[in-house]
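Trainee: Could you take me closely through one part of this model, the charged side chains and the way they pair, and set that part in the context of the whole chain?

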Amino acid sequence: DAFHHRDVERLVALVRQLSALVADNPEQAQRAERLTALGRAEIETLHTALAEFDEGRSREAIARVSAGDGQRYMGAIRVLAAAMQTTERGLLSHRENQALLARRASVVFAFASLVVAASLGFVAVSVDRGFARRRVAFDHEMAARLSAERSMQSAARELYRSERLNRSIL
(Lines give C-alpha, C1' and ligand atoms only; values in the text may rest on other atoms or scores of the structure.)
Protein backbone atom coordinates (compact mmCIF):
# COMPACT_ATOMS: atom_id res chain seq x y z
CA ASP A 1 0.00 0.00 0.00
CA ALA A 2 2.95 2.36 0.68
CA PHE A 3 4.23 1.76 -2.86
CA HIS A 4 0.78 2.41 -4.25
CA HIS A 5 0.47 5.67 -2.29
CA ARG A 6 3.95 6.82 -3.42
CA ASP A 7 3.13 6.07 -7.07
CA VAL A 8 -0.14 7.98 -6.81
CA GLU A 9 1.75 11.01 -5.43
CA ARG A 10 4.26 10.76 -8.31
CA LEU A 11 1.44 10.55 -10.82
CA VAL A 12 -0.27 13.61 -9.33
CA ALA A 13 3.04 15.56 -9.51
CA LEU A 14 3.55 14.53 -13.14
CA VAL A 15 0.01 15.54 -14.05
CA ARG A 16 0.61 18.97 -12.44
CA GLN A 17 3.79 19.37 -14.49
CA LEU A 18 1.96 18.35 -17.64
CA SER A 19 -0.84 20.81 -16.92
CA ALA A 20 1.68 23.62 -16.39
CA LEU A 21 3.46 22.75 -19.65
CA VAL A 22 0.31 22.85 -21.76
CA ALA A 23 -1.42 25.73 -19.96
CA ASP A 24 -0.80 28.05 -22.96
CA ASN A 25 -2.77 25.76 -25.29
CA PRO A 26 -6.50 25.44 -24.44
CA GLU A 27 -6.94 22.24 -26.47
CA GLN A 28 -4.01 20.56 -24.74
CA ALA A 29 -5.13 21.89 -21.35
CA GLN A 30 -8.52 20.22 -21.85
CA ARG A 31 -6.79 16.99 -22.79
CA ALA A 32 -4.64 17.22 -19.68
CA GLU A 33 -7.78 17.65 -17.55
CA ARG A 34 -9.35 14.63 -19.25
CA LEU A 35 -6.13 12.68 -18.73
CA THR A 36 -6.20 13.62 -15.05
CA ALA A 37 -9.80 12.47 -14.71
CA LEU A 38 -9.03 9.15 -16.43
CA GLY A 39 -5.96 8.66 -14.26
CA ARG A 40 -7.95 9.30 -11.11
CA ALA A 41 -10.65 6.87 -12.24
CA GLU A 42 -8.02 4.20 -12.96
CA ILE A 43 -6.34 4.81 -9.59
CA GLU A 44 -9.70 4.67 -7.83
CA THR A 45 -10.49 1.35 -9.55
CA LEU A 46 -7.14 -0.08 -8.49
CA HIS A 47 -7.44 1.34 -4.99
CA THR A 48 -10.92 -0.16 -4.57
CA ALA A 49 -9.74 -3.57 -5.88
CA LEU A 50 -6.75 -3.49 -3.48
CA ALA A 51 -8.97 -2.51 -0.57
CA GLU A 52 -11.40 -5.33 -1.35
CA PHE A 53 -8.53 -7.80 -1.60
CA ASP A 54 -7.02 -6.57 1.69
CA GLU A 55 -10.44 -6.96 3.38
CA GLY A 56 -10.58 -10.57 2.25
CA ARG A 57 -13.11 -9.96 -0.48
CA SER A 58 -10.94 -11.41 -3.20
CA ARG A 59 -13.91 -12.43 -5.38
CA GLU A 60 -15.10 -8.80 -5.59
CA ALA A 61 -11.53 -7.63 -6.25
CA ILE A 62 -11.06 -10.20 -9.02
CA ALA A 63 -14.45 -9.37 -10.50
CA ARG A 64 -13.61 -5.64 -10.46
CA VAL A 65 -10.31 -6.25 -12.24
CA SER A 66 -11.89 -8.75 -14.66
CA ALA A 67 -14.65 -6.29 -15.56
CA GLY A 68 -12.07 -4.47 -17.65
CA ASP A 69 -12.75 -0.95 -16.39
CA GLY A 70 -9.05 -0.51 -15.71
CA GLN A 71 -8.18 -1.66 -19.21
CA ARG A 72 -10.69 0.74 -20.73
CA TYR A 73 -9.26 3.60 -18.65
CA MET A 74 -5.70 2.68 -19.65
CA GLY A 75 -6.71 2.43 -23.32
CA ALA A 76 -8.33 5.85 -23.16
CA ILE A 77 -5.27 7.22 -21.35
CA ARG A 78 -2.96 5.84 -24.07
CA VAL A 79 -5.11 7.29 -26.88
CA LEU A 80 -5.30 10.67 -25.16
CA ALA A 81 -1.56 10.70 -24.38
CA ALA A 82 -0.78 9.81 -28.01
CA ALA A 83 -3.02 12.66 -29.24
CA MET A 84 -1.28 15.08 -26.88
CA GLN A 85 2.11 13.85 -28.04
CA THR A 86 1.16 14.26 -31.71
CA THR A 87 -0.11 17.77 -31.08
CA GLU A 88 3.02 18.72 -29.14
CA ARG A 89 5.24 17.36 -31.91
CA GLY A 90 3.33 19.48 -34.41
CA LEU A 91 3.68 22.55 -32.19
CA LEU A 92 7.37 21.83 -31.70
CA SER A 93 7.85 21.55 -35.46
CA HIS A 94 5.96 24.82 -35.96
CA ARG A 95 8.06 26.56 -33.30
CA GLU A 96 11.25 25.18 -34.85
CA ASN A 97 10.18 26.62 -38.21
CA GLN A 98 9.44 29.96 -36.59
CA ALA A 99 12.84 29.93 -34.88
CA LEU A 100 14.52 29.10 -38.19
CA LEU A 101 12.70 31.96 -39.90
CA ALA A 102 13.68 34.30 -37.07
CA ARG A 103 17.33 33.22 -37.39
CA ARG A 104 17.20 33.75 -41.15
CA ALA A 105 15.59 37.15 -40.69
CA SER A 106 18.27 38.15 -38.20
CA VAL A 107 20.99 37.07 -40.65
CA VAL A 108 19.33 39.09 -43.43
CA PHE A 109 19.01 42.06 -41.09
CA ALA A 110 22.67 41.75 -40.07
CA PHE A 111 23.74 41.55 -43.72
CA ALA A 112 21.56 44.56 -44.60
CA SER A 113 23.05 46.46 -41.66
CA LEU A 114 26.55 45.69 -42.91
CA VAL A 115 25.63 46.84 -46.42
CA VAL A 116 24.16 50.07 -45.05
CA ALA A 117 27.23 50.61 -42.85
CA ALA A 118 29.57 50.03 -45.80
CA SER A 119 27.50 52.38 -47.96
CA LEU A 120 27.61 55.05 -45.27
CA GLY A 121 31.36 54.52 -45.02
CA PHE A 122 31.74 55.11 -48.76
CA VAL A 123 29.51 58.18 -48.55
CA ALA A 124 31.57 59.52 -45.64
CA VAL A 125 34.81 59.02 -47.57
CA SER A 126 33.29 60.68 -50.65
CA VAL A 127 32.02 63.63 -48.61
CA ASP A 128 35.38 63.96 -46.88
CA ARG A 129 37.17 63.98 -50.25
CA GLY A 130 34.69 66.54 -51.55
CA PHE A 131 35.36 68.74 -48.55
CA ALA A 132 39.12 68.26 -49.02
CA ARG A 133 38.84 69.36 -52.68
CA ARG A 134 36.75 72.35 -51.62
CA ARG A 135 39.32 73.26 -48.96
CA VAL A 136 42.11 73.09 -51.54
CA ALA A 137 40.07 75.17 -54.02
CA PHE A 138 39.19 77.64 -51.27
CA ASP A 139 42.86 77.93 -50.24
CA HIS A 140 43.85 78.51 -53.89
CA GLU A 141 41.14 81.12 -54.33
CA MET A 142 42.16 82.87 -51.13
CA ALA A 143 45.80 82.82 -52.23
CA ALA A 144 44.79 84.24 -55.63
CA ARG A 145 42.70 86.98 -53.99
CA LEU A 146 45.51 87.78 -51.60
CA SER A 147 47.93 87.98 -54.55
CA ALA A 148 45.47 90.17 -56.48
CA GLU A 149 45.01 92.41 -53.45
CA ARG A 150 48.78 92.75 -53.07
CA SER A 151 49.02 93.52 -56.79
CA MET A 152 46.37 96.20 -56.44
CA GLN A 153 48.10 97.67 -53.41
CA SER A 154 51.38 97.67 -55.30
CA ALA A 155 49.70 99.28 -58.33
CA ALA A 156 48.04 101.84 -56.07
CA ARG A 157 51.41 102.70 -54.51
CA GLU A 158 52.98 103.01 -57.96
CA LEU A 159 50.11 105.21 -59.13
CA TYR A 160 50.48 107.38 -56.05
CA ARG A 161 54.24 107.68 -56.69
CA SER A 162 53.73 108.48 -60.34
CA GLU A 163 51.16 111.16 -59.45
CA ARG A 164 53.59 112.68 -56.99
CA LEU A 165 56.31 112.54 -59.60
CA ASN A 166 54.00 114.12 -62.22
CA ARG A 167 53.06 116.92 -59.81
CA SER A 168 56.60 117.61 -59.00
CA ILE A 169 57.47 117.83 -62.68
CA LEU A 170 54.57 120.04 -63.59
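Mentor: Read from one end of the sequence to the other, this predicted model follows the pattern α-α-α-α, with 4 helices and 0 strands in the chain. The radius of gyration is 48 Å, well over the 15 Å that the globule rule gives for 170 residues, so the chain is more spread out than a compact globule. Along the principal axes, the C-alpha atoms fill a box of roughly 160 × 25 × 20 Å. Buried residues make up 14% of the 170 residues, and the chain exposes about 13800 Å², of which carbon and sulfur atoms supply 61%. When contacts between residues at least 6 apart in sequence are considered, 67% of them join residues at least 24 apart.

Against that background, we can turn to the charges. The chain carries 25 positive and 21 negative charges, whose mean positions lie 15 Å apart. Side chains of opposite charge can pair when their charged atoms come close, and the structure holds 9 salt bridges.

One of these salt bridges joins R72 to D69, with the closest N and O atoms 2.2 Å apart. Both residues belong to helix α4, which covers residues 69–169, and because they are 3 residues apart there, about one helical turn separates them. R72 is exposed, with a relative accessible area of 51%, whereas D69 is partly exposed, at 28%. Elsewhere, salt bridges that share partners join E52, E55, R57 and R64 into one network.

Within that network, R57 deserves the close look, since it has a salt bridge to E52 and another to E55. In the pairing of R57 with E55, the closest N and O atoms are 3.3 Å apart, while in the pairing of R57 with E52 the corresponding distance is 3.9 Å. That value of 3.9 Å still counts, because a salt bridge requires the side-chain nitrogen to be within 4 Å of a carboxyl oxygen. The surroundings of the three side chains can be read from their accessibility: E52 is buried, with a relative accessible area of 6%, R57 is partly exposed, with 36%, and E55 counts as exposed, at 55% relative accessibility. The partly exposed R57 is thus paired with a buried glutamate, E52, and with an exposed one, E55.

Technical notes: Residues are numbered from 1 along each chain as its sequence is written. This is a predicted model: local features need pLDDT of at least 70, side-chain atom pairs count only at pLDDT 80 or more; totals for chains, interfaces and linings use all residues. Side-chain values use heavy atoms; hydrogens and water are left out. Helices (H or I, at least four residues) and strands (E, at least two) are DSSP runs, numbered from the N terminus. The radius of gyration is taken over C-alpha atoms; the globule rule is 2.2 Å times the number of residues to the power 0.38. Buried means under 20% relative accessible area, exposed over 50%, partly exposed in between (1.4 Å probe, protein chains only). Contact means heavy atoms within 4.5 Å. Accessible areas come from the Shrake-Rupley method with a 1.4 Å probe; for residues, only the protein chains shown count as cover. Lys and Arg count as positive and Asp and Glu as negative; His and the chain ends are not counted. The place of a charge is taken as NZ of Lys, CZ of Arg, CG of Asp or CD of Glu.
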